[in-house]
Amino acid sequence: MFNKTETEQKVAEFLLQIKAIKLQPANPFTWASGWKSPIYCDNRVTLSHPGIRTYIRQRLVEMIQEEFAGVGCVAGVATAGIPQGVLVAQELGLPFAYVRSKPKEHGTGSMIEGEIKEGQRVLVIEDLISTGKSSLQAVEALREAGHEVVGLAAIFSYGFDVAAENFKQAKCRFATLSNYSALLKTAEEGQYILPDDVALLQKWRENPAEWGK
């Protein structure tokens, strides 16, 4: 049975241990969007750690079985959602496909790679949710191709209000193994950050686009 609270904390702990998540309040990162951020998350690192990779795969499957009924196909979001999606599809014994970030520039020009049969309900797999924009682009591509999307599952979410609103507007359910609140709690308890950093990290999430300017 899927234990949400235990999973949130354990996944956060693993991500901190292997430095898939780095917290640098005093030396912020710059995201591709131009945002200044005290946190950087790269869940690809989990793939290099077999025990953690297995744990994440098993918890994703448990969460999917509890949250999403009647899944007939798994679709990963390129690129980081592809390996996670393959692992989940293999565990569930389901077909796998993936969605490109933009149409192929040669051949068919399609965004969807792999076979999704008519009537199969598709679950999208992503590694990380920030604003939700790239995730929902994949959802929209699947819908435009005539497929029913049951929802999206991911490893981690920053918990931005804009992401929740974007998924609501797109009428797409989503669920994640861990989140920013669980991360801060785990990081403070494990002394990955100083107590004085907690308020700063919380403030960043309230308005990440303007933070650090």
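## Exercises on a predicted fold

Six strands build an open sheet of mixed pairing, ordered S7-S6-S5-S8-S9-S10. Strands (E, at least two residues) and helices (H or I, at least four residues) are DSSP runs, numbered from the N terminus, and two strands pair if DSSP finds at least two bridges between them. The model is predicted: local features need pLDDT of at least 70, side-chain atom pairs count only at pLDDT 80 or more, and totals for chains, interfaces and linings use all residues. Residues are numbered from 1 along each chain as its sequence is written, and side-chain values use heavy atoms, with hydrogens and water left out.

**Exercise 1. Find which strands stand at the edges of the sheet.**

Step 1: Start from the order S7-S6-S5-S8-S9-S10. Step 2: S7 (112-113) and S10 (174-179) each have a single partner strand, so one side of each lacks a neighbour in the sheet. Step 3: Now look for a helix on the sheet. H6 (residues 180-189) packs there and touches S9 (148-157) and S10, its direction making about 10 degrees with that of S10. Contact here means heavy atoms within 4.5 Å, while axes are lines fitted to C-alpha atoms, for helices over the stretch in contact, with angles from 0 to 180 degrees between N-to-C directions.

**Exercise 2. Describe the surroundings of strand S5: is it enclosed or open?**

Step 1: S5 (residues 73-77) pairs with S6 (residues 96-99) in the parallel sense over four bridges. In S6, Ala97 is the bridge partner of Ala75, and Tyr98 stands opposite Gly76. Step 2: S5 also pairs with S8 (residues 121-129), again parallel and over four bridges; there, Leu123 is the bridge partner of Val74. Step 3: Check the side chains' directions. Cys73, Ala75 and Val77 point one way and Val74 and Gly76 the other, and all are buried (under 20% relative accessible area; exposed is over 50%, partly exposed in between, with a 1.4 Å probe and protein chains only). Step 4: Five of the five residues of S5 are buried, so the strand is largely enclosed by the rest of the structure.

**Exercise 3. Work out which residues Val122 touches.**

Step 1: Val122 belongs to strand S8 and is buried, with a relative accessible area of 0%. Step 2: Leaving out residues up to four places away in sequence, Val122 touches Cys73, Ala75, Ile116, Leu142, His147, Glu148, Val149, Val150 and Gly151. Two of these, Cys73 and Ala75, point one way from S5 together with Val77.

**Exercise 4. Trace the aromatic partners of Trp31, and say which parts they tie together.**

Step 1: The whole structure holds 14 aromatic pairs. Rings of Phe, Tyr and Trp (its six-membered ring) pair if their centres lie within 6.5 Å; planes under 30 degrees apart count as stacked, over 60 as edge-to-face and the rest as tilted. Step 2: Trp31 and Tyr158 have ring centres 5.1 Å apart and planes at 40 degrees, so this pair is tilted. Trp31 lies in the loop between S2 (29-30) and S3 (36-37), and Tyr158 in the loop between S9 and H5 (161-169), so the pair ties together parts 127 residues apart in sequence. Step 3: Trp31 and Trp204 make an edge-to-face pair, 5.7 Å centre to centre with 80 degrees between the planes. Trp204 lies in H7 (residues 195-206), so here the parts tied together are 173 residues apart in sequence. Step 4: Trp31 and Trp204 are both buried, and Tyr158 is buried too. One aromatic cluster includes these three residues, with Trp35, Phe156, Phe160 and Tyr180.
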